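Biologist: Before we go through this model, could we look at the sequence and the structure together, and then take the questions one at a time?

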Amino acid sequence: MKTSRLLASLAVVTAAGLALAGCAQSSSAASSTDGSDKKLTVFLSADTNIQDLWQKTLIPAFEKANPGYTVSVDFDLHGLHDQQTVAKLTAATLQKKDPGYDLVDAGFVAQVAASGLLTKVTSANVPGLADVPKDLVTAGGNGGIPYRGSSVVLAYDTKTVPTPPKTLDDLLAWIKAHPGKFAYNSPDTGGSGAAFVSTVLDQNLSDADRTKLVTGTDPSVESGWDKGFATLASLNPYVYQKGVYPNGNNQVLDLLSSGQISVAPVWSDQFITGHKNGQIPANIAYTQISDPSLTGGASYLGIPSASPRKAGAEKLVSWLLTPAAQGLVSDSISGYPVIALDKLPAASQALFKDADIAHLRPSYFATVSADMNKAWAQKVPGK
């Protein structure tokens, strides 16, 4: 019911949002004269590693490089309130009111971009976009700005798994042959678990149908999930503790690092960072499966069209796409850079020389992901 109401409100704003963006633009220009344009708020719908990236690394560096600017964070752990957030942003845009934040870092950016809620930017006002692959920029839609990338990979304990699964079918067979040694977090608590779930579902969808779920919503295609959900339910006796699904990406990594499980889907950036700082032991490695692969892609920022501080937000986004800032993302969370590698330090170039961020398998559209999470909760645990 909540999803239906949200979609109805988004349908209304699709027609109205772009017109409202022009109204908000004039307030942005006015605010810059009194200094308020330099007091910015970033809304984060993410895990704690992204919160740390912003609060401990990016914001201090931006404020140092841009005296007079201050940036605060509004944080929603795991995006548990994404639907409410989108509804509030929709209402703020329709009512021409300040949404309370000036930049959004969330999985639903593509959704609100498609609904006309974001400010369209180009390389004219965000020069760094000229260094980002065009396909990646296009995938962000009307206002989505790529600033880092990552993919979900299959982590495994080399002591107990000398030869990891190569395909999804291999992985499903391995899980049943090694009861209790595989785990994935519930999909509504983290993207690594969601990637595993959607990959199993996608195994039974055509490429054309999957494209529909990546670029928008199509309930008729979602009916094709039934076979995949049956497969996931059949794994209950074989996953960690016969059907226990950890809460969030970090809990899965903790189980893997402590040896309680041997194989799990994890985020590439979290894994590489954990290896660097010693939280993940050296005997844990990672690989990618195929047919289909686990999902990945860029993370997008969006500037709400109703924000009266768009000029300041554009300055922050422009800075995030500089080689210095992209290097910080790489060093801090091992996020894939989105600008040309030859503009980055040699260490970053070496780390990501095999990453093709423009061609990673993208995740579902935000409202489709919400439908998937709800259906998973109804059809998988305890079945």
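**Strands, helices and loops in a predicted model**

Modeller: This is a predicted model, and a good place to begin is strand β5 (residues 263-267), which is mostly covered, five of its five residues being buried.

Biologist: Which residues point one way from β5, and which the other way?
Modeller: Both faces of β5 have to be read here, and the residues on each are all buried. A264 and V266 make up one side, while the other side is taken by V263, P265 and W267.

Biologist: In β5, which residue is the bridge partner of Y156?
Modeller: Strand β4 (residues 145-157) runs antiparallel to β5, and five bridges join the two. For Y156, the bridge partner in β5 is V263.

Biologist: How many bridges join β4 to β7?
Modeller: These two strands run antiparallel, and one place to see the pairing is I145, which stands opposite L301 in β7. The number of bridges that join β4 to β7 is six.

Biologist: Which residue in β7 does V104 stand opposite?
Modeller: Strand β3 (residues 103-105) pairs with β7 in the antiparallel sense, over two bridges. The residue of β7 that stands opposite V104 is G302.

Biologist: Why is strand β7 (residues 296-302) described as largely enclosed by the rest of the structure?
Modeller: The reasoning rests on relative accessible area, for which buried means under 20%. In β7 the description follows because the number of buried residues is seven of the seven.

Biologist: Is the peptide bond from D291 to P292 cis or trans, and what is omega near?
Modeller: P292 lies in the loop between β6 (284-287) and β7, and D291 has its place in the loop between β6 and β7 as well. The peptide bond from D291 to P292 is cis, with omega near -10°.

Biologist: What is the phi of D291, and is D291 buried or exposed?
Modeller: D291 is not a glycine, although its phi is positive, at about 55°. With a cut-off of over 50% for exposed, the relative accessible area of 59% makes D291 exposed.

Biologist: Is H78 buried or exposed, given that its phi is near 60°?
Modeller: H78 sits in the loop between β2 (70-77) and α3 (82-94), and its phi is a positive value in a residue other than glycine. Its relative accessible area is 18%, and the cut-off for buried is under 20%. H78 is therefore buried.

Biologist: How many residues of helix α7 (residues 191-202) are buried?
Modeller: Helix α7 has 12 residues and reaches 16 Å from its first C-alpha to its last, close to the 16 Å expected at 1.5 Å a residue. The buried residues of α7 include G193, F196, V200 and D202. The helix is mostly covered, and the count of buried residues is 11 of its 12.

Biologist: Which residues are buried in helix α16 (residues 366-379)?
Modeller: Helix α16 has 14 residues and reaches 20 Å from its first C-alpha to its last, close to the 20 Å expected at 1.5 Å a residue. The buried residues in α16 are A366, T367, V368, M372, N373, A375 and W376.

Biologist: Which residues do ring pairs link into a cluster?
Modeller: By the rule used here, the count comes to 15 aromatic pairs. F196, which is buried in α7, and W376, which is buried in α16, both belong to the cluster. Its members are F182, Y184, F196, Y245 and W376.

Biologist: Is the pair of F43 and F108 stacked, edge-to-face or tilted?
Modeller: Both F43 and F108 are buried. F43 lies in strand β1 (residues 39-46) and F108 in the loop between β3 and α4 (109-114), so the pair ties together parts that are 65 residues apart in sequence. The ring centres are 6.4 Å apart and the planes are at 45°, so the pair is tilted.

Biologist: How far apart in space are D135 and F43, C-alpha to C-alpha?
Modeller: D135 is found in helix α5 (residues 134-139) and counts as exposed, at 53% relative accessibility. D135 and F43 are 92 residues apart in sequence, and in space, C-alpha to C-alpha, they are 25 Å apart.

Biologist: Which residues line the largest cavity?
Modeller: The count comes to one cavity of 30 Å³ or more, and the largest cavity has a volume of about 50 Å³. Its lining divides into three nonpolar residues, three polar and one charged. The lining residues are K120, V121, L129, V137, G141, G143 and G144.

Conventions. Residues are numbered from 1 along each chain as its sequence is written. This is a predicted model: local features need pLDDT of at least 70, side-chain atom pairs count only at pLDDT 80 or more; totals for chains, interfaces and linings use all residues. Side-chain values use heavy atoms; hydrogens and water are left out. On a 1 Å grid over the protein atoms alone, a cavity is a set of points where a 1.4 Å probe fits but cannot get out, and a pocket is an open set with protein on both sides within 12 Å along at least five of seven lines; lining residues have an atom within 4 Å of a point. Grid points are joined across faces, edges and corners, and a volume is the space filled by probe spheres set on the points. Ala, Val, Leu, Ile, Met, Phe, Trp, Tyr, Cys and Pro count as nonpolar, Asp, Glu, Lys and Arg as charged, and the others, Gly among them, as polar. Helices (H or I, at least four residues) and strands (E, at least two) are DSSP runs, numbered from the N terminus. The expected span of a helix is 1.5 Å times one less than its number of residues. Buried means under 20% relative accessible area, exposed over 50%, partly exposed in between (1.4 Å probe, protein chains only). Two strands pair if DSSP finds at least two bridges between them. Rings of Phe, Tyr and Trp (its six-membered ring) pair if their centres lie within 6.5 Å; planes under 30 degrees apart count as stacked, over 60 as edge-to-face and the rest as tilted.
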